[in-house]
Amino acid sequence: MSPDLSTLPSAISDALDLTLISQGAEAKIYFSHEHPFIPSTLLAGTISTTISNPSAGYILKYRPPKRYRHDALDAQLTKHRTLSEARILYKLFLAGISVPSFIAVDPRLGLIWMENVDGPSLKEWIWATETELEEHLCEEGESGQSKKRLEIIKPLLLSVGSEIAKLHFLDTVHGDLTTSNLLLRDGSSLGAEGATGSHQRMVPQPVIIDFGLAQQSTLPEDKAVDLYVLERAFISTHPIHSGEYVEWVLEGYVAGFGRGKKTAVFKVNEIMRKLDAVRLRGRKRSMVG
Amino acid sequence: MASGLTLRLPQFPHSSVHIGLYTSVTNASMIRRELLSGNTRYSYAFVDPRCVLSLAHVLAAVYRALTDMEAGGMRTRTLSSEIVFAFGGTMNIADTLRRFGINDDSDSLLVVKVDTDQVERSNSVWDDLGEIVQGTSIPATDENIAPLTDVEIVRKNYKIQEGISLDDRSEATKVVSGAIALRGYL
């Protein structure tokens, strides 16, 4: 499948050097070294105190027109979804949630500019970490590896859970929570010392991305479904240790929900109860008997 | 005579954006009068620097105005007035122009001019502005803008909640540039 840049408005694709990095059913994701309106000279200059981390580059998310839809309907859908995503990205940023910074939006054309998050997805990071642990600690056997998993992977998953909790506490559900939609800033590797290295390694910061299917919802059910989707994602992409991983994420979630305020404790317990119910309803589960 | 900053927005490589900064301005009310009377010689965006956080903030407004112009969606009559309007987070044109634009008692000014490459100039932008503005031209940099900013005015203009800190100029710029980008949509 070759990249199809032809639908991106030429005014933009001519002016900027864009690389297609991902194509989903709904949108194409392009990467740009250049900011859409801040010239590189300003970004690079030492005097520029007002632009953070220019080196990671920028992302242009493009929702192309869908020819198979009726024109008017397609235009409205594209505009609505683009705006919804942009608004959510901005509001979450204002609330202090870890998301890519929103830069600009063109709802008519279906474009969103945002900062790029330079780092692996949680999926990639777990795979890499598990592999590295296996290689370095094969002599120590399973118990040694499990201890290391606890030391290295658990803190990260706790913070992932906590970040999702912040999102849900704001009555926003992500809609597509998977380990591919959780990126890690400063999470390039286990560090030069490798798996057996120092314990002072920085825990990479999780960043939640892709709010194309996100919605506002106060219902514990919707939040439980959000968590269940993530749970299924762990089970399918990290089958061996998914039990531990999900447990840690949920632990971080419960601890981080509402930062322990009294009303929050009641709410999060409600969500956990709903999660149990949702699990029973899952695919290939019989509710008979 | 010091000249200001000229740059090109990456997405609009065929346009030049000129940004000038003036302090000790004595003829603000005259400029404002000429502006309001529609004198085409004053086709510049005159912005109150107290409302400005950074160059990136200015560029966010310029970008919004330019993209709206390209899409045929300008809400004011000229690109210059659209740039000032673009600074605001609301659809209220008069209110935004009053808050962010030049006032009779303004003693400093940030001036923006956008030229497409086709435009021929008999007089350089800086010479022209030097004739129009009675004040001291200083380089348009973040360092020079910073002391002129009144963060409380910024907070009021964008109705930024007290819980959101504006101490870090970089983070604060993100807050306002997001509001600029989402004007009319939030």
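Visitor: Is A:Arg283 buried or exposed?
Guide: Happy to start there, bearing in mind that this is a predicted model. A:Arg283 sits in the segment after α8 (262-281) of chain A. The cut-off for exposed is over 50% relative accessible area. A:Arg283 has 67% relative accessibility, so this residue counts as exposed.

Visitor: Which residues gather with A:Arg283 in a patch of positive charge on the surface?
Guide: Lys and Arg count as positive, and the patch is built from those two residue types. Its members, besides A:Arg283 itself, are A:Arg232, A:Lys284 and A:Arg285.

Visitor: Turning to pairs of opposite charge, how many salt bridges are there over all chains?
Guide: Side chains of opposite charge can pair when their charged atoms come close. The rule asks for a side-chain nitrogen of Lys or Arg within 4 Å of a carboxyl oxygen of Asp or Glu. Over all chains, the count by this rule is 23.

Visitor: Which residue forms a salt bridge with A:Glu26 at 3.0 Å?
Guide: A:Glu26 lies in the loop between β1 (18-23) and β2 (28-32) of chain A, and its partner is 37 residues away, in the loop between β3 (58-62) and α3 (71-94). A:Glu26 is partly exposed at 22% relative accessible area, whereas the partner is buried at 3%. The residue at 3.0 Å is A:Arg63.

Visitor: And how many residues apart are A:Arg81 and A:Glu26?
Guide: These two also form a salt bridge, with closest N and O atoms 3.1 Å apart. A:Arg81 belongs to helix α3 of chain A and A:Glu26 to the loop between β1 and β2, a separation in sequence of 55 residues.

Visitor: Which residues are joined with A:Glu26 into one network?
Guide: The network arises from salt bridges that share partners. A:Glu26 is such a shared partner, as it pairs with A:Arg63 and with A:Arg81. The residues joined with A:Glu26 are A:Lys61, A:Arg63, A:Arg81, A:Glu85 and A:Asp210.

Visitor: Which residue meets A:Lys223 in a salt bridge?
Guide: A:Lys223 is buried, at 3% relative accessibility. Its N to O distance in the bridge is 2.7 Å. A:Lys223 lies in helix α6 (residues 220-237) and the partner in the loop between α5 (141-169) and β6 (172-173), so parts 52 residues apart are tied together by A:Lys223 and A:Asp171.

Visitor: Over in chain B, how many residues of α8(B) are buried?
Guide: This helix covers residues 169-181 and reaches 18 Å, close to the 18 Å expected. Its buried residues include B:Val175, B:Val176 and B:Ile180. The helix is largely enclosed by the rest of the structure, because the buried residues number 11 of the 13.

Key
Residues are numbered from 1 along each chain as its sequence is written. Chains are lettered from A and ligands numbered from 1 in the order in which they are written. This is a predicted model: local features need pLDDT of at least 70, side-chain atom pairs count only at pLDDT 80 or more; totals for chains, interfaces and linings use all residues. Side-chain values use heavy atoms; hydrogens and water are left out. Patches are made of residues with over 30% relative accessible area and no salt bridge: like charges are joined within 9 Å, nonpolar side chains (Val, Leu, Ile, Met, Phe, Trp, Tyr) within 5 Å. Accessible areas come from the Shrake-Rupley method with a 1.4 Å probe; for residues, only the protein chains shown count as cover. The place of a charge is taken as NZ of Lys, CZ of Arg, CG of Asp or CD of Glu. Helices (H or I, at least four residues) and strands (E, at least two) are DSSP runs, numbered from the N terminus. Buried means under 20% relative accessible area, exposed over 50%, partly exposed in between (1.4 Å probe, protein chains only). The expected span of a helix is 1.5 Å times one less than its number of residues.
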